[in-house]
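Work through these short exercises with the structure open. Each task is followed by a solution in steps.

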Amino acid sequence: MIAPRLEINLKKIHHNARKLVELLTERGISVTGVTKAVLGSHEIAKVLLKAGVSSLGDSRIENIEGMKDASVSATMTLIRSPMLSQVDQVVNHADVSFNSELRVIHQLSIAAQKINHIHGIVLMVELGDLREGIMPADLNNTVREILRLPNIILRGLGTNLACRSGTIPSTENMSELSSLVDSIETKYRISLDIVSGGNSANLAWALSNTNCGRINNLRLGEAILLGREPLHRQSIDGLYTDAITLVAEVIESKLKPSQPWGEFAQTAFGKKRLEADRGNISQGILAIGIQDTDPSGLDPPSGINILGASSDHLIVESDVSVGSEITFQVNYSALVRAMTSPFVKNIINS
Ligand SMILES: *Cc1c(COP(=O)(O)O)cnc(C)c1O
């Protein structure tokens, strides 16, 4: 069969999405299905919608455009602040965008007026992870400005934790978001219908609470696609961790010394420490490498150890035969790189 390839099991993705939607619905939280890791795959997007996600989110407007072209019908949210150079595309294809810069929102307003659209804004608030978001102290003034802009509607507030600094979503930071929503609603006599508390890293917080305050939305990618929460990379009870796997083919199999010989300088990708000498070992090479995936994010079947990788070669310890295939579970970074490599094909099993 064609290799390397990502095998995508739509039934398992549906199961994962359905389960998370059910658990969060009990807590008054809707799920935005995040499709960026699968480049806005329309097959996967349709499965997420069937499983009950309330909307789709992607960080790239091109992916949203692609899903619309493939007749995926859903509320589309751009979950990264728009580039000024893309505001026309954004108001054309996304119903809502996440924002943290007034200059950008201003240009979205102008772009939306040109095509007579109303564009929704979720204002991102910084709560400690130091990625996107306005500082809470600037919230009042920013909201006042947004409310003045034509063809722009402030749909709600959001925050994003864990991704950059590893800040854990907690009772404290989630309560702060709830209070900010309350205070804005009171001050400006408006009601905010979206309070988006975060990503897959928020699951532990959400599932261990029966009262989630004003938070009524989470944006989930990794938890649905890989069945894991990103804080400790633990598998989530009842979810599949192998809904998407990576398959590569063996191109060499030899008995070789465990230690290299000669004098040593840098490898193709920097320094490598010397392994302990274990005599001769079974060494296999797979036709996949750093150009195609993140080898450190591959989880091999038991009995197979990953020894190293270069651009086009993955070296494993195992007695494998040439032409045979090995299936790996993937983490987020291995998945994203494999998805974006033109050399890795996608095989979708429905
Ligand atoms: C990528 C992303 C998500 C989804 O994150 P997962 O960990 O895959 O659930 C949610 N929100 C924002 C702003 C993102 O960039």
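**Exercise 1.** Find the polar contacts of the ligand with Ser200, Gly221 and Glu222.

Solution. Start at Ser200: a polar atom of its side chain lies 2.5 Å from a ligand oxygen. A polar contact here is a pair of N or O atoms within 3.5 Å. Next, take the backbone. A polar backbone atom of Gly221 is 2.9 Å from an oxygen atom of the ligand. For Glu222, the backbone distance to a ligand oxygen is 2.8 Å. Now the cover: protein hides 94% of the 390 Å² of accessible area that the ligand has on its own (Shrake-Rupley method, 1.4 Å probe).

This is a predicted model: local features need pLDDT of at least 70, side-chain atom pairs need 80 or more, and totals for chains, interfaces and linings use all residues. Numbering runs from 1 along each chain as its sequence is written, and side-chain values use heavy atoms, without hydrogens and water.

**Exercise 2.** Describe the shell around the ligand.

Solution. Count residues with a heavy atom within 4 Å of the ligand. The shell holds 13 residues, and Lys36 and Arg219 are among the closest. Sort them by class: 4 are nonpolar, 4 polar and 5 charged (Asp, Glu, Lys and Arg count as charged; Gly counts as polar).

**Exercise 3.** What lines the largest cavity?

Solution. A cavity is a set of points on a 1 Å grid where a 1.4 Å probe fits but cannot get out. The largest cavity has a volume of about 40 Å³. Its lining, taken as residues with an atom within 4 Å of a point, includes Arg60, Glu62, Leu78 and Met83. The lining divides into 4 nonpolar, 3 polar and 3 charged residues.

Technical notes
Near = heavy atom within 4 Å. Polar contact = N/O pair within 3.5 Å; in protein donor to acceptor, adjacent residues only side chain to side chain. 1 Å grid on protein atoms, 1.4 Å probe; cavity = no way out; pocket = protein on both sides within 12 Å on 5 of 7 lines; lining within 4 Å. Points joined across faces, edges and corners; volume = space filled by probe spheres on them.
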